[in-house]
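Dear colleague,

I am handing over the structure we spoke about, and it is placed directly below. After it I set out what was found, beginning with one loop and ending with the chain as a whole.

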Amino acid sequence: MAEIGVVVLAAGRSTRFREGGGAEPSKLVASLAGEPLVRHAARAALASRARPVVVVTGHARESVETALGGLDVVFAHNPDYANGLASSLKTGIAALPDSVAGVLALLGDMPAVDAGLLDRLIDAFAGRPQALAATPVHAGRRGNPALLSRALFPDIAKLDGDEGARRLLREADPALVVEIAADGEAATLDVDTPEDLDAARKSRR
């Protein structure tokens, strides 16, 4: 089976979280179910078949790295994190070995993603050798994470600002984007504000 890596995007400034009254330097180190938010995403990645797991840091770098202490991840620091998501995605891809056929781009603030979803994306991608991507779909819309083929890496290198790969997938031939059904909130739940975090905490009780 083709080798697939993971990039956990954990470099953002958490602007909405901090402006909303969040006490932590980054939402990613706020506690959810007894551990830092970002650790949920990293553990899901490590429980999947994908390797390596690269965590891109930026804002609050030391706090994020401490939150992931003891996990078998590779850190890649993005000094240009303030320029937006595109720079972090490119930093993570640059840290992957040349042998990977694709990358799972996993947002660090999505605590409901699990290894089962990641492995299903890998299987769907592997079953379609010409595919450019595999993406989960819930309630009629695409969610995250997306599995992006190496064939998209040159186009990703041209992205700028706070743009991820969503536009590339929207413009791609639909026949080359594999969609899988995602149950529940795994592919859509992210934490942007203190209110989002409170809601996620209540759902875990």
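Ala-60 sits in the loop that runs between strand S4 and helix H3, the latter covering residues 61-67. Please keep in mind throughout that this is a predicted model. The phi angle of Ala-60 is near 55°, which is a positive value in a residue other than glycine. A second alanine with a positive phi, likewise near 55°, is Ala-33, and this residue belongs to the loop between S2 and strand S3 (35-36). Ala-33 is exposed, its relative accessible area being 56%. As background to both alanines, most residues other than glycine have a negative phi, and most peptide bonds are trans.

The second half of that remark leads to the prolines. Arg-51 and Pro-52 are joined by a cis peptide bond, with omega at about -5°, and Pro-52 is placed in the loop between H2 and strand S4 (53-57). Another cis peptide bond links Asn-144 to Pro-145, where omega is about 0°; Pro-145 is in the loop that connects strand S8 (141-142) with strand S9 (146-149).

Two of the helices deserve a description of their own. Helix H2, which spans residues 37-47, is mostly covered, since 9 of its 11 residues are buried. Among the buried residues of H2 are Leu-37, Val-38 and Leu-46, several alanines including Ala-41 and Ala-44, and also Arg-39 and His-40.

In helix H8 (residues 194-204), the residues Pro-194, Leu-197 and Ala-200 are buried. When H8 is viewed down its axis, these buried residues fall within an arc of 120°, and they therefore line one face of the helix. The spacing fits the general geometry: an α-helix has 3.6 residues a turn, so residues three or four places apart point the same way. On the other side of H8, Glu-195 and Lys-202 are exposed. What do the buried residues of H8 pack against? Their partners are helix H1 (15-19) and strand S2 (31-32).

That brings in the region around H1. Thr-15 lies in this helix and is partly exposed, with a relative accessible area of 34%. Although Thr-15 and Asp-192 are 177 residues apart along the chain, their C-alpha atoms are separated by 8.5 Å. Ser-14 is located in the loop between strand S1 (4-10) and H1, and it counts as buried because its relative accessibility is 9%, where the cut-off for buried is under 20%. If neighbours within four places in sequence are set aside, Ser-14 is in contact with Ser-26 and Lys-27.

Leu-148 belongs to strand S9 and, at 1% relative accessibility, counts as buried. Not counting residues up to four places away in sequence, Leu-148 touches Gly-102, Val-103 and Ala-105, then Leu-132 and Ala-133, and further along the chain Phe-153, Ile-156, Ala-165 and Leu-169. For one of these residues, Ala-133, the C-alpha atom is 4.6 Å from that of Leu-148, with the two positions 15 residues apart in sequence numbering.

Turning to the chain as a whole, its secondary structure amounts to 8 helices and 10 strands. The C-alpha atoms fill a box of roughly 45 × 35 × 30 Å when this is taken along the principal axes. For 205 residues, a compact globule would be expected to have a radius of gyration near 17 Å, and the 16 Å found for this chain agrees with that. Of the 205 residues, 52% count as buried. Among contacts between residues at least 6 apart in sequence, 72% join residues that are at least 24 apart.

As for the surface, the accessible area of the chain comes to about 9,300 Å², and 48% of this belongs to carbon and sulfur atoms. The chain has 23 positive and 27 negative charges, and the mean positions of the two sets are 1 Å apart.

With best regards

How values were computed. Residues numbered from 1 in each chain as written. Predicted model: local features only at pLDDT ≥ 70, side-chain atom pairs only at ≥ 80, totals over all residues. Heavy atoms only, no water. Buried < 20%, exposed > 50% of the residue type's maximum accessible area, 1.4 Å probe, protein only. Helix = DSSP H or I, 4+ residues; strand = E, 2+ residues; numbered from the N terminus. Rg over C-alpha atoms; globule rule 2.2 N^0.38 Å. Contact = heavy atoms within 4.5 Å. Areas by Shrake-Rupley, 256 points an atom, 1.4 Å probe, with all protein chains shown as cover. Lys, Arg positive; Asp, Glu negative; His and termini not counted. Charge placed at Lys NZ, Arg CZ, Asp CG, Glu CD. Arc of directions from axis to C-beta.
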